[in-house]
Amino acid sequence: MSVSPLAVAAMLACARIGAIHTVVFAGFSAGSLAARINDAKCKVVITFNQGLRGGRVVELKEIVDEAVKLCPTVQHVLVAHRTDNKVHMGDLDIPLEQEMAKEEPVCAPESMGSEDTLFLLYTSGSTGTPKGLVHTQAGYLLYAALTHRFVFDYRPGDVFGCVADIGWITGHSYVVYGPLCNGATSVLFESTPVYPDAGRYWEMVQRLKINQFYGSPTAFRLLLKFEDSWVKKYDRSSLRTLGSVGEPINHEAWEWLHRVVGDSRCTLVDTWWQTETGGICISPRPSEEGAEILPCMAMRPLFGIVPVLMDEKGNVLKGGDVSGALCLSQAWPGMARTIFGDHQRFMDTYFKAYPGYYFTGDGAYRTGDGHYQITGRMDDVINTSGHRLGAAEIEDAMADHPAVPETAVIGYPHDIKGEAAFAFIVLKDDAGDADVVVKELRSVVASKIAKYAVPDQVLVVKRLPKTRSGKVMRRLLRKIVTGRAQDLGDITTMEDPTVITEILSAYQEYKDKSGAAQ
């Protein structure tokens, strides 16, 4: 189901009767939906006749029809109406609104144990089948509510605006469970940041008098392409807290969010957490009153979160000014309990690399003051001539260029260096001569990081491949550069698959030109 009051009601109805829900993002293909239904052995599917997103119609019922042909456990499909268009109703299909009209308005809640399953949420890895992470009743809800209240300074009567889709963990924790447990008014955002125009978020802030706004660096970088007037034409005086989630935020986006959107007066929290953690684990707030917030840093572990950094040999790194693999050294209420039906995979994925610790898969830097900065996924670390470079570090340096709203850096095999950096960059429409910009970018990276950090290759592209939740799919870029584009793996989470064709074409043209130059 797409983001809607009925979708939230369906989640809460499942929780009330003790049924386990697994929300599947409304943009998934029939094959991906079927894989999740079969893994979870679902009996009931709830869907809309159609969905609406960014001016486009999504044929949700058609996708479900195709999926359930492959799903022997499904007994009923409940069909609600988002639009007035009629859709084919088969033997399994039940009109939801008509069925609801027959029922009593109140249903007694089921008594549940604290460790009973509340929901499954599937995450796609770069390899293997999607993982159905299990979150439980009491621990998850406690952690979502607590972090919502303290990270965002939620106060009774506030209007909380998280623009994530409810098909992702951010939507579960900070659109549905956290805010509603705290009695907050929670905003549901069904559209895209630029539909019908680039002022969509800020028009919403003005109209609904939103107090906290939580979005992704990808969306902020997209909006950076447009004039600041799209922000400033709307009244944002109701805002107190701005939040960023999904990946490390670069300096230009952070400064724009703080200075332009927040008028340099709002608290800005760059939050780090994962589907597996259930809620925010590292964030600048809560903290002592007036404590400094450092740009682009998650900074402070929350209550009960004890991070450690590990070196390549599995030793705990002590002190400050160190970088390593980010692990958590003790359990916390919101953590996932297992992967549904495959506990061994859960143990192997999260606890095998560093026995006795939960391995996040991310790298981090700890300052002398004990503050944490996320440097990106460990598989996005480039080892060039013995120097370990975070791809995010290079991206951050290049994204400071005024003509470059978005970048993605990957490592690729190099005969001499072992690995070298390949940068994909998106330019603003008025960027001017691309060759000049590329030259300036190389100079910026050399001066901000080091000469060895300068990407060997820089390719200008129109767009980057992203998931529907806004994360750049760097593994696909890596496959293109290493000649494995014919085997892209699971791309069901991709927002627009035509991006791959665009990039392949640009990359081939780049290679042809480079070959001719040599």
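**Figure 1. Helix 6 in the predicted model, a helix largely enclosed by the rest of the structure.** In this predicted model, helix 6 covers residues 169-181, and 11 of its 13 residues are buried, so the helix is largely enclosed by the rest of the structure. The buried residues of helix 6 begin with Ile169, Thr170, Gly171, His172 and Ser173, and they continue with Tyr174, Val175, Val176, Tyr177, Gly178 and Pro179. After helix 6 comes glycine 183, a residue whose phi angle is positive, with a value near 75°.

**Figure 2. Threonine 117 and the residues it touches.** Threonine 117 has its place in strand 6, a strand that covers residues 117-123. How much of threonine 117 is accessible, given as a relative area? The relative accessible area of threonine 117 is 21%, and because buried means under 20%, this residue counts as partly exposed. When residues up to four places away in sequence are left aside, threonine 117 touches Ile20, and it also touches Val134, His135, Thr136 and Gln137. Tyrosine 140 lies 23 residues from threonine 117 in sequence, and the C-alpha atoms of these two residues are 9.8 Å apart in space.

**Figure 3. The segment that UniProt lists as "domain: AMP-binding enzyme C-terminal".** The name and the limits of this segment, residues 393-471, come from an unreviewed UniProt entry. Over residues 393-471, helix makes up 28% of the chain and strand makes up 29%, while the C-alpha atoms at the two ends of the segment are 16 Å apart.

**Figure 4. The whole chain, as the setting for the close-up views.** The chain holds 15 helices and 22 strands. Its radius of gyration is 23 Å, close to the 24 Å that the globule rule gives for 518 residues, and the chain is therefore as compact as a globular protein of that length. Taken along the principal axes, the box that the C-alpha atoms fill is roughly 75 × 55 × 55 Å. Of the 518 residues, 53% count as buried, and the accessible surface of the chain comes to about 23200 Å², with 52% of this surface belonging to carbon and sulfur atoms. Among the contacts in the chain with a separation of 6 or more, 66% are between residues 24 or more positions apart. The chain carries 53 positive and 62 negative charges, and the mean positions of these two sets are 1 Å apart.

Notes. Residues are numbered from 1 along each chain as its sequence is written. This is a predicted model: local features need pLDDT of at least 70, side-chain atom pairs count only at pLDDT 80 or more; totals for chains, interfaces and linings use all residues. Side-chain values use heavy atoms; hydrogens and water are left out. UniProt positions are given in the numbering used here, feature names are shortened, and annotations may be inferred rather than shown by experiment. Helices (H or I, at least four residues) and strands (E, at least two) are DSSP runs, numbered from the N terminus. The radius of gyration is taken over C-alpha atoms; the globule rule is 2.2 Å times the number of residues to the power 0.38. Buried means under 20% relative accessible area, exposed over 50%, partly exposed in between (1.4 Å probe, protein chains only). Contact means heavy atoms within 4.5 Å. Accessible areas come from the Shrake-Rupley method with a 1.4 Å probe; for residues, only the protein chains shown count as cover. Lys and Arg count as positive and Asp and Glu as negative; His and the chain ends are not counted. The place of a charge is taken as NZ of Lys, CZ of Arg, CG of Asp or CD of Glu.
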